Amino acid sequence: MLLLYLLTFAATVQAQSQLLPGSCNFESNTCGYTSDADFTSWALHKDGRFVAVDAAPADVQDDETGADSGPQKETIGVLLSPALEQGEWSCLRLVYQITGSGSLTVLQRTEGKSFDRPLWNSQEPSDSWVISSMDLQNNTEPYTVVIEGKPAGSPGSSVAIFEIHISPGYCLDCDFEESHLCGYSNLWNANVNWYVGGGGGQLLHNDIPNDHTYNNKTGHLMYVDSVYAKTFKEVAKLISPMTMVPMSGCLSFQYQRSEERGNLFSVFTRDKLGQYQELWRAGTENQSDWSGTLGEWIPVQVDLKAPYSVQVVFEVSFNSPRGGRVAVDDISFSPEFCSTDSEPTFDPSVANCDFESGLCQYTQDQVVGTWKKVSVKPNIFRNGDHTTGAGSFLLAHSRLIPRSGYVNRLIGPTLPGNMKFCLRFYFSLRGITLATAGFNQTDRALAVYLQQQQQSSSQEKIWTQGEKSRGIWIGTDVTFQTSKPAKVVFVSTCRSFWDCSSVALDDISVSLGDCELTAASLSSLLPGHCDFEAGLCGYTQDKHSDDADWEWRRGPTPTSYTGPRGDHTTGLGYYLHLEASPLLPGQSVRLFSSIVRGSRGPQCLRFFYNMYGSGTGQLSIRLSKDGDDVLLWQLSGEQSIAWLRATVEYQSDSQHQIVFEATRGSSVRSDIAIDDIILEGGRCPEMEIKASVGTFNEIE
């Protein structure tokens, strides 16, 4: 996509009056922005009116690291805004350029919180200035904007910032009076495009209407004209900035259409997968108004429900050069719906259940067999639940339940129609049947159906079990769309009493949108969180004082009768483990978190561990600061074949790191694994046992 207008940002008095503290054009100074002294400094280029951080020249890096010392040292520049106090919603617009290769990240740092909240990130290089927008939500606490530039080590790479604009309101709001056009852009077409109209002069036409903001020729608007349309259905698209936070409310705008009717004007949302959903279309119901309102602006209000990131697309299609013209102005967003009759955004969490306190809002079809709620205490023979390793889950067709029927149905709560959902759940195949022995293939152990609310006999299969791995929890994602209100139904089927595999079910969750969209916002993208699916997430190996490294692995460990069979996140993904085979008893591996800022309040560390094997050694959690380690949690010996959840609550008012240390036991059957780390500020939720310095064996 190309920017619609030259990014000169020629500031007017009116534009400057709308800017909030934290805005800067770097014309003569940095407006209170400072470089973090622990990182490379951003340099102010006064002639070019921008700040930049450049990759260190190769000869400088050789001097610092040694010519044969391995990978070049990473260059990181951290730019900190002055303290900002803006309680109302505002929009930060950043004009930047990544030259060569590198990345630029914007975060929000709030006093008293250990981690910065990511707002936006880009790794896309460009040969010109680019604008990006991000919403700053209501914040009652003072905060700092943190801008992190990482030019790659290749010569000539740099990351530069031209201007920072913080203005009141939402990033979707725009009256098109400023040259940056609020980050709206035109999707280039060879024949028809959106142009800026007004401003006292026209590039292509002299009969552009007055703008809506000021009702004169000086104000600005956006318009598209069919005069250059050459083929059937020429399409012009005006695209808003991508929303960065969930938003629900009323989208308003003004539009005009010329008396020619040879065009179709629609408004869509477009998600990160490129999927469109129509919000509004100028249809025949408006035609009676056109004759009396030609040359006048027509207001439109439409509800916008965006639980994930979307762009708003204003699309006009023409059938011929006589298709007329469409103009748009004064786009705005309100967090209140357009009408009091609008239904609130559906909360899909009503369909979530971990079965720790019953069936939640799920029910069973009592005519056939029933799912049974069971729990397994930690042991070395049978896997426990997925939630904690020692909690509850549902089990169908267990040999321990002799009256169990051949079909078990678990029915979820009603989901509204005309919506897209992402269903996530975990299942596990258990037990040995004639089918698993090779006589048959148990391919109907579990399936998921969509049942329309008014028609219990109308069912659509949306998923069927294909993975045959046994004894591990397999995570599954299913994207589905409802045309009418419907319920999700989990069905487990047996061919006969002798051909019947036990099926376990746990941790069902439902969210709005495509699973590919919601996967992008899962825990590993948050600071302090790591599921090891894409690497170490900023955690680092101890290269100085330990005897080996934690190994990144998928599937079972090499040594039999020790270690997990799969990871905790999906059953088929990655985890870290101590491989005992090459180590001597008492040798250890250490993993460091990224640096955690101190906090006046408590911090919560949660993670899953696997300590299975007759010779299992010891797993310790330490707090490292100022060169000293403080023990927070420790566990020794074989615990369970299952992944178990540990919770550690601690307090530190100064900068520190969390250390995971695993020590080899007496034999090679002493593999220790960790997965799904969550480190965040605040008290630990639903803690059963509080961990403090010097206490041991505290798990949930």
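**View 1. Trp280 and its surroundings in the predicted model.** Skip the neighbours within four places in sequence, and Trp280 is still in contact with Phe253, Tyr255, Phe265, Ser266, Val267, Val300 and Val302. Trp280 sits among the residues with the most contacts inside the largest nonpolar core, which runs to 39 residues. Strands S13 (194-198), S14 (220-225), S15 (234-239), S16 (247-257), S17 (263-271), S19 (298-306), S20 (310-318) and S21 (325-334) each chip in at least two residues of this core. Another core, of 33 residues, lies apart from it and includes Leu578, Val596, Ile674 and Leu679.

**View 2. Asp225, a buried acid.** Asp225 belongs to strand S14 and has a relative accessible area of 12%. Its side chain makes a 2.7 Å polar contact with the side chain of Arg325. The Asp225 side chain also reaches the backbone nitrogen of Val227, at 2.8 Å.

**View 3. Arg590 and its acidic partners.** Asp542 pairs with Arg590 in a salt bridge (2.9 Å, N to O). The two are 48 residues apart, with Asp542 in the loop between strands S33 (540-541) and S34 (551-554) and Arg590 in strand S36 (residues 588-592). Both ends are buried: Asp542 at 5% relative accessible area, Arg590 at 9%. Arg590 also bridges to Glu661, with the closest N and O atoms 3.4 Å apart; Glu661 is in strand S41 (residues 657-663), 71 residues away from Arg590. Glu661 is buried too, at 12%. Shared partners tie Asp542, Arg590, Arg622, Asp629 and Glu661 into one salt-bridge network.

**View 4. The Lys543–Asp549 salt bridge.** Here the side chains meet at 2.9 Å, N to O. Lys543 is exposed, at 59%, while Asp549 is partly exposed, at 31%.

Methods:
Residues are numbered from 1 along each chain as its sequence is written. This is a predicted model: local features need pLDDT of at least 70, side-chain atom pairs count only at pLDDT 80 or more; totals for chains, interfaces and linings use all residues. Side-chain values use heavy atoms; hydrogens and water are left out. A nonpolar core is a set of buried Ala, Val, Leu, Ile, Met, Phe, Trp, Tyr and Cys residues joined through side-chain atoms within 4.5 Å. Buried means under 20% relative accessible area, exposed over 50%, partly exposed in between (1.4 Å probe, protein chains only). Helices (H or I, at least four residues) and strands (E, at least two) are DSSP runs, numbered from the N terminus. Contact means heavy atoms within 4.5 Å. A polar contact is a pair of N or O atoms within 3.5 Å; within protein, one must be able to donate a hydrogen and the other to accept it, and residues adjacent in sequence count only if both atoms are side-chain atoms. A salt bridge is a side-chain nitrogen of Lys or Arg within 4 Å of a carboxyl oxygen of Asp or Glu.
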